[in-house]
Amino acid sequence: MRKIISIFTVLLLAAGCFSCSEKKDTKSDNKPVESDTSVTETDGSVDEPVIQQQTELREFKEDDFKTINVNITKTENEPPVQLHSMVTSDIDFGERISPCKGEKYRDKYKPVFDDENNADDENREYMEQADAEWEKSCTEPAKGSVGFWCQFGNDMYTAVSYDQYCTDGLHEVSIFRINGLTGEKTEIYRHSDPVRSFDVNDLYVFHDRIYIYLEDQLAYIDEDKGELVKIDHLNDYSGYFVENDADRLLVVSFKARTQEVPDDYEPKTGEEIRAEANGKKSVYLGEDRILSEYFPDEDRWSELSRVSITKDEAYEIDDISTALPQIYGKLFAWPEKPEGKRKYDVVTDEYRISTGLTGLDILYADHDRLAVRLSSKNIVHIFDIAKMEHYVIDCTSLGVNSEYFGGGLFAFPSGMSGTLYYIMPELGLTFPLVRLESGSEGNRSEYFFGQIEGGNIVFEQGVSIGKKEVKDGQSIYYTDYDTKTTRYWVNGDEMNG
């Protein structure tokens, strides 16, 4: 067992990547609680909920709307939106040697590649190679490795690590801002410490301030001083920020529930044993997950929802956020099937609409417009409350996915080559924005996804352009893919003049 663990440890450490969360559209029928819970400024603990008066929901039936079947009409005319792009994998963040590789610390953080009790001919050559790579990392600078991106307007932000083959996190990390229009790079914060790790879970920009969710600490960057300012909020929780188009700073925090057990404890069937930071063993019981909103001008927190789930429930949920209410654009929304009915309503903070659909995915919820997609096909339904019109747009010929943003639709493929389109919902006019390239033959299939980020609709494409197989004799331990990553985006401010 130790041999297997050591091999996987090498692979993970060599990657030098960050712990980051996927920010994808998730589907949930959980509803926001009708409460407003503040957090004390002293210790970040949660006060008792304060019930707020809720506004009366506006209710609409399917036949309240005039249904308009919109025909797709492709045109080569100039599109009404401007698509920006940048090949982010081409950005060079330089090279550095992490301070944890100094002679005083290097042996403390060295991974265990092999030893006399864990030696066999099958993996010795590979382990010796890995050990040589670690030795090299202590004397030669490592290239900066990007974990993930976030965006605000035409500026992109990323956390870059220069720490490889370390058993205790990341000790050399910088936060960069990249101007997406000019390519100019600016380092806005640097962490370089041989003892304290700096593991970035997420980045978010709100009202010109850069927020960071570290492994168990929330903070923001004071750019004038180049300092990290800690925020007192559920300090022993991990978490991430929730993308939205409502100018709200929303945070999901989560923490495992465990029960300490003796070192010689034998787990029962189905139990999961975890090693705690203090060296003790514990049984994993489940997780607590909390959705909160922060008001920086008042330094105040409001808890929106809290769930406590079991171990089995945690394994059944693909994404941490799906057990909590979801915001789609500007409003929280969820599908709800009335008792005895086959078709779904969509309920938001402000209204309920009977969609007439037996299965749907919510794309966007605004104060006067709701966009949903049929679950089984890329057919989009837009309910315009201001005009009381229901637009039905069949996008299946354009791709399998759609996103709604800024009053328009974007249709695109799931990962293979294809075209990204912009559609004017009321007219059906369809403009090709970019033809997506394919990866080289025989390499890992490419990906393409879209989401709202910082007032934009952002798409990211990864294309495998090469691969390197790491072998020991005839065995392939892992394959390292060379991926070209491109970000495309439409700036919401530019769409609206």
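Start by selecting residues 327-328 and 331-336 in this predicted model. These are strands E21 and E22, and they pair in the antiparallel sense over 2 bridges. Put Ile 327 and Phe 332 in sticks: Ile 327 stands opposite Phe 332, which belongs to E22.

Now widen the view to the whole sheet. E21 and E22 belong to an open sheet of 5 strands, with the order E2-E24-E23-E22-E21 and mixed pairing. Which strands stand at the edges? They are E2 (58-60) and E21 (327-328); each has a single partner strand, so one side of each is left without a neighbour in the sheet. As background, strands of a sheet pair through backbone hydrogen bonds, either parallel or antiparallel.

Stay with Phe 332 for a moment. Is Phe 332 buried or exposed? It counts as buried because its relative accessibility is 4%, under the 20% cut-off. Add Tyr 364 to the selection: 32 residues separate Phe 332 and Tyr 364 in sequence, while their C-alpha atoms are 9.4 Å apart in space.

Next, select 360-365, which is strand E25. This strand is mostly covered, with 6 of its 6 residues buried. Add residues 369-374 and you have E26, which pairs with E25 in the antiparallel sense over 5 bridges. The hairpin that joins E25 to E26 runs through 3 residues. For a cross-strand pair to click on, try Ala 365, which stands opposite Leu 370 in E26.

There is another hairpin to look at. Select 238-242 for strand E16, where 5 of 5 residues are buried, and 249-261 for strand E17, its antiparallel partner over 5 bridges. Val 242 of this pair stands opposite Leu 250 in E17. The hairpin has 6 residues between the strands, and Asp 247 there takes a positive phi near 55 degrees. Most residues other than glycine have a negative phi.

Two more stops go with that one:

- His 207 is in the loop between strand E12 (200-206) and strand E13 (209-214). It is not a glycine, yet its phi is positive, about 50 degrees. At 49% relative accessibility, His 207 is partly exposed.
- Asp 299 is in the loop between strand E19 (281-295) and strand E20 (300-310). Its phi is also positive at about 50 degrees, although Asp 299 is not a glycine. With 39% relative accessibility, Asp 299 counts as partly exposed.

While you are at Asp 299, show Arg 300 and Phe 295. Arg 300 lies over the face of Phe 295, at 4.3 Å from the ring centre. For another arrangement of this kind, select Arg 274 and Tyr 284: the charged end of Arg 274 sits over the ring of Tyr 284, 3.8 Å from its centre.

On to the rings. How many aromatic pairs does the structure hold? There are 17. One of them is Tyr 189 with Phe 198, a tilted pair with 5.7 Å centre to centre and 35 degrees between the planes. Both partners are covered: Tyr 189 is buried with a relative accessible area of 12%, and Phe 198 is buried with 4%.

Then select Phe 410, Phe 412, Tyr 422, Phe 448 and Phe 459 together, because that set forms one aromatic cluster. Zoom in on Phe 410. Leaving out residues up to four places away in sequence, Phe 410 touches a list that includes Leu 420, Tyr 422, Leu 433, Ile 457, Phe 459 and Val 490.

Phe 410 also leads you to the largest nonpolar core, which has 32 residues. The members that touch the most others are Ile 382, Cys 395, Leu 409, Phe 410, Leu 420 and Phe 459. A second, separate core has 19 residues, among them Phe 60, Phe 65, Leu 331 and Tyr 351. In soluble globular proteins, nonpolar side chains tend to be buried together.

Finish at Thr 419, in strand E31 (residues 419-423). Thr 419 counts as buried, at 12% relative accessibility. What does its side chain make a polar contact with? The partner is the side chain of Arg 435, at 3.4 Å. Beyond its neighbours within four places in sequence, Thr 419 is in contact with residues including Leu 398, Ala 411, Phe 412, Pro 432 and Val 434.

Definitions and conventions:
Residues are numbered from 1 along each chain as its sequence is written. This is a predicted model: local features need pLDDT of at least 70, side-chain atom pairs count only at pLDDT 80 or more; totals for chains, interfaces and linings use all residues. Side-chain values use heavy atoms; hydrogens and water are left out. Buried means under 20% relative accessible area, exposed over 50%, partly exposed in between (1.4 Å probe, protein chains only). Helices (H or I, at least four residues) and strands (E, at least two) are DSSP runs, numbered from the N terminus. Two strands pair if DSSP finds at least two bridges between them. A nonpolar core is a set of buried Ala, Val, Leu, Ile, Met, Phe, Trp, Tyr and Cys residues joined through side-chain atoms within 4.5 Å. Contact means heavy atoms within 4.5 Å. A polar contact is a pair of N or O atoms within 3.5 Å; within protein, one must be able to donate a hydrogen and the other to accept it, and residues adjacent in sequence count only if both atoms are side-chain atoms. Rings of Phe, Tyr and Trp (its six-membered ring) pair if their centres lie within 6.5 Å; planes under 30 degrees apart count as stacked, over 60 as edge-to-face and the rest as tilted. A charge sits over a ring if NZ of Lys or CZ of Arg is within 6 Å of the ring centre and within 35 degrees of the ring normal.
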